[in-house]
Amino acid sequence: MAELWRPRRGDTPADRLAADLARRLYGTQRRVSRRGLLKTAGVSAFALSSSGLLAACGTEGTQQTADTCTSKDISDTDKKLVFSNWPLYIDEKGKKLPTLEDFESESGIDVTYNTDVNDNNQFFAKVRNQLGACEPTGRDIFVLTDWMAARVVSLGWTQELDMANMPNVEANLVESLRNPSWDEGRKYSVPWQSGLTGIAYNEKVTGPVASFEELVTRADLKGKVTLLSEMGDTMGFVLKLTGADPNDFSEDEWGAALDRLQEIVGSGQIRQFTGNDYTRGLGNGDIAACEAWSGDVIAMQYDQPEIKFVAPEEGLSLWSDNMMVPNKADHKANAEALMNYYYEPEVAARLVAWVNYICPVQGAQEAMEKVDPSLVDNPLIFPTAEELAATFSFMSTDTKTREQYDKDFNQVIGA
């Protein structure tokens with residue numbers, strides 16, 4: 001058997017991306033990812049999200065509008081900014097944050113940088129009462145993943161951004177991220193980074209796993225597979241297995257996917273549903289293969305090159321984390337200045353050279369020639385438009401529907 005997995009279905013964009021990932025990503029040095037923080041801390045992502053979900057579940061939140069919840073901006077007279085982001089999601093050098101410190105020097109804006117977004121549901125539970133009541137959260141920017149960003153935007157809890165203050169965003173945001181269904185024209189959000197969900201396997205335990213179908217059915221993998229406890233990640237692939245489009249599916253298709261997931265669970269194929277803690281079992285060989293986040297796998301490959309990342313035949317799930325300005329934040333123009341700064345190609349290249357996620361900034365690939373030439377052709381950071389077209393995302397929904405989907409999913413997996 002060849003050392004690297006070769007695509008089986010011809011030269012499609014997904015196949016090419018898989019081959020590129022196989023060739024180029026093994027052994028890539030990678031700091032702990034923002035999702036990987038949880039395994040480092042010895043806490044599963046699911047344990048965190050469960051408590052947050054219980055706190056947030058059962059409420060749609062109070063809808064606000066620009067008329068019912070007005071905000072003022074004192075940026076001109078108060079050069080401050082409070083930025084809430086995921087841990088280990090910005091370039092670091094010891095206790096310093098080089099790009100952020102350069103922004104402070106150039107702009108004169110003093111940034112308080114907090115790493116208090118450990119989980120989407122948990123963070124939502126933390127701020128929902130203030131935002132629902134049109135009260136300040138104490139933050140001028142926070143960063144949330146697509147599905148939660150969609151939820152917050154749909155509730156009217158974010159301020160409309162002034163693109164005139166962000167010419168770099170207007171000019172350099174990659175085309176594929178300009179018009180998400182939940183925020184057409186990017187009126188309320190700006191992508192921070194994007195990432196991929198696919199398959200990982202330990203080649204000391206098993207051979208390549210080319211598809212999600214193989215992952216959940218192959219007899220030699222029975223009891224040695226984990227799937228993610230993130231509903232959107234796992235159900236996106238299960239919807240694919242039943243012939244549905246994860247970006248746009250009906251209630252009947254959702255029901256069929258739940259039935260398929262129940263079959264998979266009942267078969268004994270799945271050892272457990274996990275957060276980032278799949279990395280421990282994958283690393284020590286207790287888990288042969290699993291659904292995985294690309295950043296975690298690359299972090300593991302630094303010490304364990306036998307851990308491989310695969311773009312499944314069904315495609316890769318694409319997600320983005322997004323910067324937003326909440327209602328009652330009174331430094332909106334300062335926040336927009338920071339967003340604009342991180343869309344300078346050279347700054348974006350410096351940032352992504354550290355975090356190694358998909359860069360949303362056009363021109364950063366060329367700028368990477370000076371920052372780290374070894375990353376210029378890395379498809380995990382700079383996939384082509386054609387490669388991105390082979391990815392999929394989970395459908396945006398209203399709050400009530402999302403909560404029902406979470407409940408349905410958790411009932412099937414026994415959470």
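Two strands count as paired if DSSP finds at least two bridges between them, and with that in hand the tour of this predicted model can open on a pair of strands.

Select strand E1, residues 80-84, together with strand E2, residues 110-114; the two pair in the parallel sense over 5 bridges. To find one of these bridges, pick Lys-80, whose bridge partner in E2 is Asp-110. Adding helix H4, residues 98-107, to the selection completes a right-handed β-α-β unit made by E1, H4 and E2.

Stay on E2 and show its side chains. In a regular strand the side chains alternate between the two faces of the sheet. Here Val-111 and Tyr-113 point to one face and are buried, whereas Asp-110, Thr-112 and Asn-114 point to the other face and are not buried.

Next, go to the loop between E1 and H4, where Leu-88 lies. Its phi is near 55 degrees, a positive value in a residue other than glycine, and Leu-88 counts as partly exposed because its relative accessibility is 26%, which falls between the 20% and 50% cut-offs. A second residue to select is Cys-134, in the loop between helix H5 (120-132) and strand E3 (141-145). Cys-134 is not a glycine either, yet has a positive phi of about 60 degrees; with a relative accessible area of 18%, Cys-134 is buried, since the limit for that term is under 20%.

Now turn to the interior and select Phe-83, Leu-144, Trp-192, Met-323, Leu-338 and Tyr-342, which, of the 86 residues in the largest nonpolar core, touch the most other members. Helix H14, residues 345-355, supplies the largest share of this core, with 8 residues. Centre the view on Tyr-342: leaving aside its neighbours within four places in sequence, Tyr-342 is in contact with Ile-90, Thr-99, Leu-100, Trp-192, Val-347, Ala-348, Leu-351 and Val-361. Apart from the largest core lies another, of 34 residues, and Leu-215, Met-235, Val-310 and Phe-394 are among its members.

Finally, select helix H9, residues 231-241, and helix H10, residues 251-266, whose axes come within 9 Å and cross at roughly 100 degrees. H9 is therefore roughly perpendicular to H10. Show the side chains where the helices meet: Met-231, Met-235, Val-238, Leu-239 and Leu-241 on the H9 side, and Glu-253, Trp-254, Ala-257, Leu-258, Arg-260, Leu-261 and Ile-264 on the H10 side. Met-235, which takes part in this meeting of H9 and H10, is also one of the residues of the 34-residue core.

Terms used
Residues are numbered from 1 along each chain as its sequence is written. This is a predicted model: local features need pLDDT of at least 70, side-chain atom pairs count only at pLDDT 80 or more; totals for chains, interfaces and linings use all residues. Side-chain values use heavy atoms; hydrogens and water are left out. Buried means under 20% relative accessible area, exposed over 50%, partly exposed in between (1.4 Å probe, protein chains only). Helices (H or I, at least four residues) and strands (E, at least two) are DSSP runs, numbered from the N terminus. A crossover is right-handed if, with the strands pointing away from the viewer, the path from the first strand over the helix to the second runs clockwise. A nonpolar core is a set of buried Ala, Val, Leu, Ile, Met, Phe, Trp, Tyr and Cys residues joined through side-chain atoms within 4.5 Å. Contact means heavy atoms within 4.5 Å. Axes are lines fitted to C-alpha atoms, for helices over the stretch in contact, and angles run from 0 to 180 degrees between N-to-C directions. Angles under 35 degrees count as roughly parallel, over 145 as roughly antiparallel, 65 to 115 as roughly perpendicular and the rest as oblique.
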